[in-house]
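I opened this entry to look up two things: nonpolar packing and charged pairs. The structure goes in first.

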Amino acid sequence: MIFDVGKVLVEWDIRGLYRPLIADPTELERFVAQVVTPEWHFQHDAGRSFADTSAELIAAHPQHEELIRLFGPRFGETLGAILPGMRALVGRLAARDVPLYAITNFSAEFWPAFEAREAELFAPFRDILVSGAEKLLKPDPAIYRLAIERFGVEPDACLFVDDRPENVAAAEAQGMRGHVFAGAAGLERELRELGLL
């Protein structure tokens, strides 16, 4: 089993940080759409430092400097609870000694604090490949090839689970079986069909 992390194992939403800070819902949506956007954040997942990206963003939006500066030190607030059913599902797979791995688009700078926060969830995982550390992003085929090599697995023996269809398609192109995640119940059904549960 190779999992994605954000929106598969745990909730992720930039609004989690900024909702308490921007009272007007319309202004919040404008801020997330035009200033601290997912696309801007994905630079961190690709390996850029928050110091560099925040300086550029502040130069473009100086009126939002204070809010922009909060993003790095408080990134953990964009990550919510473990998604319903997923802690139990991971635990059941681990109890059956199913090898567990992850490939996550995640900043190498932000990852250690989050991994420590969710140490219990990640304890059964044999390895986790973090995009920001490798400077490779899903769905680049190279990140899947690196995972196959590093994890020491055969692609046709793997089930890759991600919420983004393009990431699943890229894994399938490398010979893995793919599952587009839409909730624990659907994943559990496929795992039963495969005899993993």
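**Packing around one valine**

I began with Val 36 in this predicted model. Leaving out residues up to four places away in sequence, I find Val 36 touching Ile 14, Tyr 18, Phe 31, Leu 57, Ile 68 and Phe 71. Next I looked up the core around it. The largest nonpolar core holds 50 residues. Val 36 is listed among the residues with the most contacts inside that core, along with Phe 3, Leu 9, Tyr 18, Phe 71 and Met 86. Tyr 18 and Phe 71 are thus on my list twice: they touch Val 36, and they are on the most-contacts list.

Which helix gives this core its largest share? I get helix H6, residues 86-95, with 4 residues. I then checked for a core apart from this one. There is another, of 17 residues, including Tyr 144, Ala 147, Ile 148 and Met 176. As background, I note that nonpolar side chains tend to be buried together in soluble globular proteins.

**Charged pairs**

How many salt bridges does a search of the whole structure find? I get 16. I looked up three pairs in detail.

Arg 15 and Glu 29 come first in my notes. Their side chains meet in a salt bridge at 2.8 Å, N to O. This pair links distant parts of the chain, 14 residues apart. Arg 15 sits in helix H1 (residues 15-18), and Glu 29 in helix H2 (residues 25-34). Arg 15 has a relative accessible area of 23%, so I log it as partly exposed. Glu 29 is also partly exposed, at 36%.

Then Glu 65 and Arg 69. The closest N and O atoms of this salt bridge are 2.8 Å apart. Both residues lie in helix H5 (residues 65-70). They are 4 residues apart, about one turn of the helix. I checked exposure here too. Glu 65 is partly exposed at 33% relative accessibility, and Arg 69 is partly exposed at 45%.

Last, Arg 117 and Glu 118. I find their side chains meeting in a salt bridge at 3.1 Å, N to O. Is each partner buried, partly exposed or exposed? Arg 117 is partly exposed at 39%. Glu 118 is at 10% relative accessibility; it counts as buried because the cut-off is under 20%.

I also looked for salt bridges that share partners. Asp 4, Lys 138 and Asp 162 are joined into one network that way.

How values were computed:
Residues are numbered from 1 along each chain as its sequence is written. This is a predicted model: local features need pLDDT of at least 70, side-chain atom pairs count only at pLDDT 80 or more; totals for chains, interfaces and linings use all residues. Side-chain values use heavy atoms; hydrogens and water are left out. A nonpolar core is a set of buried Ala, Val, Leu, Ile, Met, Phe, Trp, Tyr and Cys residues joined through side-chain atoms within 4.5 Å. Buried means under 20% relative accessible area, exposed over 50%, partly exposed in between (1.4 Å probe, protein chains only). Helices (H or I, at least four residues) and strands (E, at least two) are DSSP runs, numbered from the N terminus. Contact means heavy atoms within 4.5 Å. A salt bridge is a side-chain nitrogen of Lys or Arg within 4 Å of a carboxyl oxygen of Asp or Glu.
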